[in-house]
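User: I have this model open on my screen and want to know what backs up the labels people put on it. Can you take me through some of them?

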Amino acid sequence: MKHMSLAEIATACGGTYVGDDSLKTVEVNGVVIDSRKVEPGYLFVAVKGERVDGHTFIPSVFDKGAACVLCEDAPEQPAGPYIQVSSTLEAIKAIAACYRSTLTIPVVGISGSVGKTSTKEMIASILGQHFHVLKTEGNFNNEIGLPLTIFRIREEHEAAVLEMGISDFGEMTTLASMAKPTVCVLTNIGLCHLENLKTRDGILKAKTEMFDQAMPGAQIIVNGDDDKLITLKSRTPQPTFFGLDPSLDLYAENVENLGLAGSRCDFVTKAGRFTATIPIPGHHMVYNALAGTAVGLALGLTLDEIRAGIETLKPVSGRNHLIHTDKWDILDDCYNANPVSMAASLDVLTNALGRKVAILGDMGELGENEKLLHYNVGCHAADNQIDAIFAVGELSKELVKGVHAKDPDGKLICKHFDTKEALFEALPLLLMQGDSILVKASHFMEFPEIVKWLEDHGN
């Protein structure tokens, strides 16, 4: 964070400054809600959580050199200045919006039902060939994480790539009003968050709220192969469309599958064409590279810079991260899951050499059709001839039913486990040397524990 004083912060959030008037001109170095991350000169935001109240840590953050505290309850005998507000969560959003208004760098806002994080990583890798880039880390893509990410933009950053995740109407308006993107990217319209958004048309409406809050003249980049996003052709000004259809603004052709080593293809743009190898497996990565190419061109990068960014992309843990062990290969894609991403990951697994094993778990936030959607994933796994499917969780019983419906003769190995512990007991007898193993479920299933087990027992 740069050049924002305590007085300006108080004004931005409508708070009451309490403390030495001579300190009002002090500029904060950063903003955090975790007292353990406080450094000298930081603003600590005291948030009242379900289990922990940040106000209890106010004395300790002053001991660490905090410049100021943003709080709802006035602290007793504070060792430094504080700004009192009615809601700290609303206050940090107002402060982030104010801080963003002082920045002149390009900001890329990314959303969509599937692939936000992998697309964000691709775009950041490409832009990193030309700019010093700040990108969203981890899952800091919501109404708390986004402002904290914006506060991390410092003097040296020349571009920012911000991921925005939503689950209800109006949330994108809140996020985009803080981010004010100069480039808007939508990956696709899938089937996640149906509990609140109900239909894919509802998801489209919620995601496109971003456009109304973007900077004037912002460029819009969307997946033209998506049947919902292609309807934006009637929008003025018209977005830039990417995909595999040669009629789109930029497209990929001659896609060569390199198995779990990735893919190679030709990229055709109005600025010319080039060939690049995408080092992470999955057909969806071609779309991510196309989105990154479109953003790179929008921000003035050369085709050579874009190619270099694609080919130097690094995998993120939990996102199609290939882990080699002495016994088997692990495809760690267990950060999160929905029906579209689950099917995409199974498609990636089909590229593997040797026996293909899928360890799958429950998917959350699917609404009233959750059982059918799990059943359909099982059908997809069977259609793809996955050699062994091991499912964990209550809803995954429906996934197993889908496998059996497509494989009535039991040619595929398919087993259900109520808990991860039961799975761990059985795995030594189920896995074979040379297996390629996909691990995927929604975040609440805590499947990284399975990845760790496989790593520990695979070497």
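User: Let's start with β4. What makes you say that both faces of β4 are covered?

Analyst: One caution before that: this is a predicted model. As for β4, C68 and L70 sit on one side, V69 and C71 on the other, and all of them are buried. Buried here means under 20% relative accessible area. In a regular strand the side chains alternate between the two faces of the sheet.

User: Which sheet does β4 belong to, and why are β1 and β2 called edge strands?

Analyst: β4 is part of an open sheet of 5 strands, ordered β1-β5-β4-β3-β2, with mixed pairing. β1 (16-18) and β2 (30-32) each pair on one side only, and that is what earns them the edge label. On average, neighbouring strands of this sheet are turned by 20° against each other, ignoring direction.

User: How do you know that β3 pairs with β4 and with β2?

Analyst: Two strands pair if there are at least two bridges between them. β3 and β4 are joined by 3 bridges and run parallel, so they meet that cut-off. In that region, F44 stands opposite V69 in β4. β2 and β3 also have 3 bridges, again in the parallel sense, so they count as a pair too. There, G30 has Y42 in β3 as its bridge partner.

User: Which helices pack on this sheet, and what do they touch?

Analyst: α1 packs on the sheet and touches β1, β3, β4 and β5 (82-84), with its direction at about 10° to that of β5. α3 packs on the sheet as well, touching β3 and β4, and its direction makes about 120° with that of β4.

User: How do you know that the length of α3 agrees with what a helix should span?

Analyst: α3 covers residues 88-100, which is 13 residues; at 1.5 Å a residue the helix should span 18 Å. Its end C-alpha atoms are 18 Å apart, so the two values agree.

User: Which residues of α3 are buried, and what covers them?

Analyst: The buried ones are T88, A91, I92, K93, I95, A96, Y99 and R100. Their cover includes α1 (6-13), β3 (42-45), β4 (68-71), β6 (107-111), α5 (145-151) and α6 (171-179).

User: Why is α3 called oblique to α6?

Analyst: The axes of α3 and α6 come within 7 Å and cross at roughly 40°. That angle makes α3 oblique to α6, because angles under 35 degrees would count as roughly parallel and those from 65 to 115 as roughly perpendicular. At the contact, K93, A96, A97 and R100 of α3 meet T174, S177, M178 and A179 of α6. Those contact residues divide into 4 nonpolar, 2 polar and 2 charged.

User: Jumping along the chain, what makes α12 "mostly covered"?

Analyst: In α12 (residues 339-349), 8 of its 11 residues are buried. They are P339, S341, M342, A343, S345, L346, V348 and L349. These buried residues pack against α10 (284-298), β16 (329-332), β17 (356-361), α13 (370-383) and β20 (436-440).

User: Now a loop residue. Why does F57 count as partly exposed?

Analyst: F57 has 33% relative accessibility, and partly exposed is the band between the 20% cut-off for buried and the 50% cut-off for exposed, so F57 falls inside it. F57 lies in the loop between β3 and α2 (58-63). Leaving aside its neighbours within four places in sequence, F57 is in contact with S35, F44 and V52. F57 and D34 are 23 residues apart in sequence and 9.2 Å apart in space, C-alpha to C-alpha.

User: What about backbone oddities: where is the cis peptide bond of P237, and what is its omega?

Analyst: The bond runs from T236 to P237 and has omega near -5°. P237 is in the loop between β10 (219-223) and β11 (240-243).

User: What is the phi of E365 and of E446, and where do these two residues lie?

Analyst: E365 has phi near 60°, a positive value in a residue other than glycine, and lies in the loop between β17 and α13. E446 isn't a glycine either, yet has a positive phi of about 55°; its place is in the loop between β20 and α16 (448-458).

User: Are those two glutamates buried, exposed or partly exposed?

Analyst: E365, at 41% relative accessibility, counts as partly exposed. E446 is partly exposed as well, with a relative accessible area of 44%.

Methods. Residues are numbered from 1 along each chain as its sequence is written. This is a predicted model: local features need pLDDT of at least 70, side-chain atom pairs count only at pLDDT 80 or more; totals for chains, interfaces and linings use all residues. Side-chain values use heavy atoms; hydrogens and water are left out. Helices (H or I, at least four residues) and strands (E, at least two) are DSSP runs, numbered from the N terminus. The expected span of a helix is 1.5 Å times one less than its number of residues. Buried means under 20% relative accessible area, exposed over 50%, partly exposed in between (1.4 Å probe, protein chains only). Contact means heavy atoms within 4.5 Å. Axes are lines fitted to C-alpha atoms, for helices over the stretch in contact, and angles run from 0 to 180 degrees between N-to-C directions. Angles under 35 degrees count as roughly parallel, over 145 as roughly antiparallel, 65 to 115 as roughly perpendicular and the rest as oblique. Ala, Val, Leu, Ile, Met, Phe, Trp, Tyr, Cys and Pro count as nonpolar, Asp, Glu, Lys and Arg as charged, and the others, Gly among them, as polar.
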